[in-house]
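Please look over the sequence and the structure shown here. A short report on the fold, the cores and the charged pairs comes after them.

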Amino acid sequence: MALQHKSIPREHMHDPYRWVVADDAARDALAPTTEDIGKRLWKQDDDTEWTLKSAGPAVWVIAAPVQSVHGRTGAVAAQTGDYSPEQVGADPAGTASQAVADHESAADPHSQYTTEAEASAAAPVQSVDGKTGAVDLSADYETRRQHNLNATTDPSVTDDSAAGYEPLSKWVNTSTGEVFVCLDATAGAANWQLSTLTIDDLGSAATANTTDFAPSSHTSENQTHGAPAGERLVHTADLATLTETVHAAASGALDRANGGIHTLTLTADETLSVTINEGQSLTLHLEGGDTYTVTWPTMTWVGGAAPTLTAADVIEFWKVGTTLYGAYVGSIA
């Protein structure tokens, strides 16, 4: 049968503390025994409770009625999340907590600031050749010259530096098919030289070394037998329009034997090779150079550097001795 506390005679009741002392000195003066281990002491000067952990010598530990705080033990300090504003009386109605939750869940709580998505859309280019910030590419690329590839007249002395032209600028007269190269862009005295041969030019070249035939019995299509003594027979030939073969290259292997004009559309990065003899030239119409990387053969570029390609470009190759040369004619994108 359980014994009711009220039934215990008062003289048999004990205080909750084995010892009640005034201060540390009084506590340290005690001589507890091993039978007292686990019993408690109340120190009045700071109102603390102590438990006897061991005797001989006495070891006291301060009592800790709180065993843990939010699952944490030891010297526990309050941290974010331990208490809500409502629990500490700061937001009894929960209004502030709801306002914070609504703010955090909003898609764009600070419309006055640019979001990451908005910044990316405003500046889609994040880097150039791996460089960021105030990128300077002046040392990486050759300055693009101004050309006129759609003219209907020949260039004049006023098509000069003031108009944006410089040495090696190109000029194409689309009405005649003639191409000019600027040798000197001095203002008011520009010097443009024709870089193509007309049919008249070819005719002069064809007759420059015409063979004189002495009277003989030789007969040809344009020559009769038995010319009078002392007269020369000049063999003539019909001059026809010079037409280059246009070859659609399937790869970067460009060979003059396939034609004087090659077209090539890149579908991947490509390494080019150019097979031409000394004194020959080859024109390349290249597409896709802005998307794929072109590795050029060992060669010398007019201007000193390979061009920066666009979606469609024209490049001219020629060979002098064993040196392959190249010139960027211009973009036709």
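The report goes from the whole chain to single residues.

## Overview

This is a predicted model. The protein chain holds 4 helices and 20 strands. It has 333 residues, and buried residues make up 23% of them. The chain exposes about 22300 Å², with carbon and sulfur atoms supplying 52% of that area.

Among contacts with a separation of 6 or more, 30% come from residues 24 or more positions apart.

## The six-stranded sheet

An open sheet is built from 6 strands. Their order is β11-β13-β16-β19-β20-β18, and the pairing is mixed. The edges belong to β11 (246–248) and β18 (300–301). Each edge strand has a single partner, so one of its sides is left without a neighbour in the sheet.

Parallel pairs come in here. Strand β13 (residues 261–265) runs parallel to β16 (residues 281–287), with 5 bridges between them. In that pair, Thr 265 stands opposite Glu 287. β18 and β20 also run parallel, joined by 2 bridges. Thr 300 has Tyr 325 of β20 as its bridge partner. In contrast, β19 and β20 run antiparallel and share 8 bridges. Lys 319 faces Leu 324 of β20 there. The two strands form a hairpin with 2 residues between them. In its turn, Gly 321 has a positive phi of about 65 degrees.

## The largest nonpolar core

Which residues touch the most other members of the largest nonpolar core? They are Leu 286, Trp 296, Ile 315 and Phe 317, out of 19 residues in this core. β16, β19 (312–320) and β20 (323–331) each supply at least two of the core residues. β16 gives the most, with 3 residues.

Phe 317 has a long contact list, even with neighbours within four places in sequence set aside. Among its contacts are Leu 254, Val 274, Ile 276, Leu 282, Leu 284, Trp 296, Met 299 and Leu 324. Polar residues Gln 280 and Ser 281 are also in contact with Phe 317.

## A second core and a buried aspartate

Another core, of 8 residues, lies apart from the largest one. Its members include Tyr 165, Cys 182, Ala 185 and Trp 192. In the same stretch of sequence, β7 (residues 178–184) pairs with β8 (residues 191–194) in the antiparallel sense, over 4 bridges. Asp 184 is bridged to Asn 191 in β8. The hairpin of β7 and β8 has 6 residues between the strands. Within this hairpin, Gly 188 takes a positive phi near 80 degrees.

Asp 160 sits in the loop between β5 (148–151) and β6 (170–173). What surrounds Asp 160, residues up to four places away in sequence not counted? Asp 160 touches Tyr 165, Ala 185, Thr 186, Ala 187, Gly 188 and Ala 190. Asp 160 is buried, yet it has no salt bridge. The nearest side chain of opposite charge is Arg 145, 15 Å away.

## Salt bridges

The whole structure contains 11 salt bridges. Arg 145 forms one with Glu 166, with the closest N and O atoms 3.9 Å apart. Arg 145 lies in the loop between α3 (116–122) and β5, and Glu 166 in the loop between β5 and β6, so the pair ties together parts 21 residues apart in sequence. Arg 145 is buried at 18% relative accessibility. Glu 166 is partly exposed at 30%.

Asp 24 and Arg 27 meet in a salt bridge of 3.8 Å, N to O. Both are in helix α1 (residues 24–28), 3 residues and about one helical turn apart. Asp 24 is partly exposed at 35% relative accessibility, whereas Arg 27 is buried at 11%. The two belong to a network of salt bridges that also links Asp 28, Lys 43, Asp 45 and Asp 46.

Arg 72 and Asp 82 form another salt bridge, at 2.8 Å from N to O. Both residues are in the loop between β4 (59–62) and α2 (95–105), 10 residues apart. Arg 72 is partly exposed at 22% relative accessibility, while Asp 82 is buried at 8%.

## An exposed strand residue

Is Thr 271 buried or exposed? Thr 271 is exposed, with a relative accessible area of 52%. Thr 271 belongs to strand β14 (residues 270–271). With neighbours within four places set aside, Thr 271 is in contact with Gly 252 and Thr 295. The C-alpha atoms of Thr 271 and Pro 297 are 7.6 Å apart, with 26 residues separating the two along the chain.

Methods:
Residues numbered from 1 in each chain as written. Predicted model: local features only at pLDDT ≥ 70, side-chain atom pairs only at ≥ 80, totals over all residues. Heavy atoms only, no water. Pairing = 2+ DSSP bridges. Core = buried A, V, L, I, M, F, W, Y, C linked by side-chain atoms within 4.5 Å. Buried < 20%, exposed > 50% of the residue type's maximum accessible area, 1.4 Å probe, protein only. Contact = heavy atoms within 4.5 Å. Lys, Arg positive; Asp, Glu negative; His and termini not counted. Salt bridge = Lys/Arg side-chain N within 4 Å of Asp/Glu carboxyl O. Areas by Shrake-Rupley, 256 points an atom, 1.4 Å probe, with all protein chains shown as cover.
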